[in-house]
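Ready for a few warm-up exercises? Have a look at the model below, then work through each task before you read its solution.

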Amino acid sequence: MVDTRVQLSGIWLDNPIIPASGTFGYGQEFAQLYDINCLGSFSFKGTTLQPRFGNPTPRIAEAPAGMLNAVGLQNPGAQQVIERELPRLKQIFHKPVMANISGFSVEDYVRACALFDREEQVGWLEVNVSCPNVHGGGMSFGTSPASAAEVTRAVKAVTHKPVYIKLSPNVTDIAAIASACEQAGADGISLINTLLAMRIDLKTRRPVLANGTGGLSGPAILPVAVRMVYQVYQAVSIPIIGMGGVSSAEDVLELMLAGATAVEVGAANLADPFACPKIIDGLPAAMQRLGIRDIKEIIGGAHHG
C-alpha cells in the first residue's frame, strides 16, 4: 500500500490532486459525471467582489500542445456564490474547498476575502494576483514584489483561513515575488498561472482572440511550471501548490519533486472531464513503479539529490 495523503496548512487531503480554478466551475457539472469527493479538494471558479460578464468572444483558441483563453473572470460575484453556489456545493462535496479570489483593487481583494473567510466549507483562500486576461487588475498586482506583498498583507489582516497567493509566470523573478508574499504573511504559494500568448488568424490577419492576448495552458507549459516551482521552493519555506500543464500521475510526481506539496490540474479537465479521477487512479501504480511509499517524502526531492 502507498500513502497519497498530503497536508496543506493543517488540512489533510486524501491525495494531492486539485482541479484548478476556471476549469471546474463550482463543481456541479463534474459531479454529474463522477463522485468529486475522490479529489483532494478543488479550487472553484475565479470569483470577484462584483459580478463580471467577462471578455467578448471569441475568447478560446487552440494552440500546439495547449490552448489559449481570455475568458476574463466571468462569474456571478461573491455574494451570489455565497448565497447560491456554496449551499449547492455542500450537497455534493464533503471536504474543504479552495476559494479562488480575484480583484481590481486592494480593497476588492480585502472585501471578497473577508466574505469567504466566514464560510465554513472554505478551507483556503487562493488569492489570484496573476490573471493575464483582465485590464486594470489581476496580473498587475502580481508583477512586482511590492504589489503582491501589499495584497497579501491586506488580505491577511482581515482573514483567519490560510491564504495562498497565486502567482504569474509572466515576470522576470518569480522567486522574489514569492518571497515577498511569504514575508507579508502568506501561508502558501500557488503557481503557475497561464503564460501570456497570442494567435493570429492568417485569413483576417488579426488576433484570433477578441481580447488580443490570452493565457496559454496545457502540456506545453509543464516544463516552465516545473522550473518555476523548483525556483520558488528554494526561496520560501511555506507550502507550494504547483500547476501548469499537468495531465498524468507522472506529471504530478515531477512537480512534487520540484517542490510542490499539492498539484492543480487545469486545461486537462477541459480536454477530458475524467482527467482528475484518472490521475488519482493512476497515482498509486506510478508511485509503486518508482519505489515511492509515502508521497509526502518526495516533496522537494529534486533539491536533495
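## Exercise 1: Two loop residues

Pro64 touches Arg199 and Ala220, leaving out residues up to four places away in sequence; contact here means heavy atoms within 4.5 Å. A word on the ground rules: this is a predicted model, where local features need pLDDT of at least 70, side-chain atom pairs count only at pLDDT 80 or more, and totals for chains, interfaces and linings use all residues. Residues are numbered from 1 along each chain as its sequence is written, and side-chain values use heavy atoms, with hydrogens and water left out.

**Task.** Place Pro64 and Phe44, and decide for each: buried or exposed?

**Solution.**
- Step 1: find Pro64 in the loop between strand 4 (60-63) and strand 5 (66-69). Helices (H or I, at least four residues) and strands (E, at least two) are DSSP runs, numbered from the N terminus.
- Step 2: check the accessibility of Pro64. Its relative accessibility is 64%, so Pro64 counts as exposed. The cut-offs are under 20% relative accessible area for buried, over 50% for exposed, and partly exposed in between (1.4 Å probe, protein chains only).
- Step 3: turn to Phe44, in the loop between helix 1 (28-31) and strand 4. At 0% relative accessibility, Phe44 is buried.
- Step 4: look at who surrounds Phe44. Setting aside neighbours within four places in sequence, its contacts include Ser21, Gly22, Tyr26, Val81, Leu86 and Phe116.
- Step 5: compare sequence with space. Phe44 and Gly266 are 222 residues apart along the chain, yet their C-alpha atoms are separated by 11 Å. For Pro64 and Tyr164, 100 residues apart, the C-alpha separation is 31 Å.

## Exercise 2: Helix 7 and its surroundings

**Task.** Work out how many residues of helix 7 (residues 249-258) are buried, and what they pack against.

**Solution.**
- Step 1: count. In helix 7, 7 of the 10 residues are buried, so the helix is largely enclosed by the rest of the structure.
- Step 2: name some. Among them are Asp251, Leu255, Met256 and Ala258.
- Step 3: list the partners. The buried residues pack against strand 1 (6-8), strand 3 (17-19), helix 6 (222-235), strand 14 (240-243), strand 15 (262-265) and helix 9 (275-289).
- Step 4: zoom in on helix 9. Its axis and that of helix 7 come within 8 Å and cross at roughly 65 degrees; axes are lines fitted to C-alpha atoms, for helices over the stretch in contact, and angles run from 0 to 180 degrees between N-to-C directions.
- Step 5: read off the contact. Ala249, Glu250, Val252 and Leu253 in helix 7 meet Ile279, Gly282, Leu283, Ala286, Met287 and Arg289 in helix 9. Sorted by class, these residues are 7 nonpolar, 1 polar and 2 charged. Ala, Val, Leu, Ile, Met, Phe, Trp, Tyr, Cys and Pro count as nonpolar, Asp, Glu, Lys and Arg as charged, and the others, Gly among them, as polar.
- Step 6: step off the end. Just after helix 7, Gly259 has a positive phi of about 140 degrees.

## Exercise 3: Another helix pair

**Task.** Describe how helix 3 (residues 106-117) packs with helix 4 (residues 145-156).

**Solution.**
- Step 1: take the geometry. The angle is about 35 degrees, and the axes lie 9 Å apart.
- Step 2: find the residues. Val106, Tyr109, Val110 and Cys113 in helix 3 meet Glu150, Val151, Ala154 and Val155 in helix 4.
- Step 3: sort them. This contact has 7 nonpolar, no polar and 1 charged residues.

## Exercise 4: Backbone oddities

**Task.** Which peptide bonds are cis, and where is phi positive in a residue other than glycine?

**Solution.**
- Step 1: recall the usual case. Most residues other than glycine have a negative phi, and most peptide bonds are trans.
- Step 2: spot the cis bonds. One joins Thr57 and Pro58, with omega about 0 degrees. Another runs from Leu191 to Ile192, with omega near 10 degrees.
- Step 3: locate them. Pro58 sits in the loop between helix 1 and strand 4, and Ile192 in the loop between strand 9 (188-191) and strand 10 (195-197).
- Step 4: check phi. Ser9 has a value near 55 degrees, and Arg205 one near 60 degrees.
- Step 5: add accessibility. Ser9 is partly exposed at 31%, whereas Arg205 is exposed at 71%.
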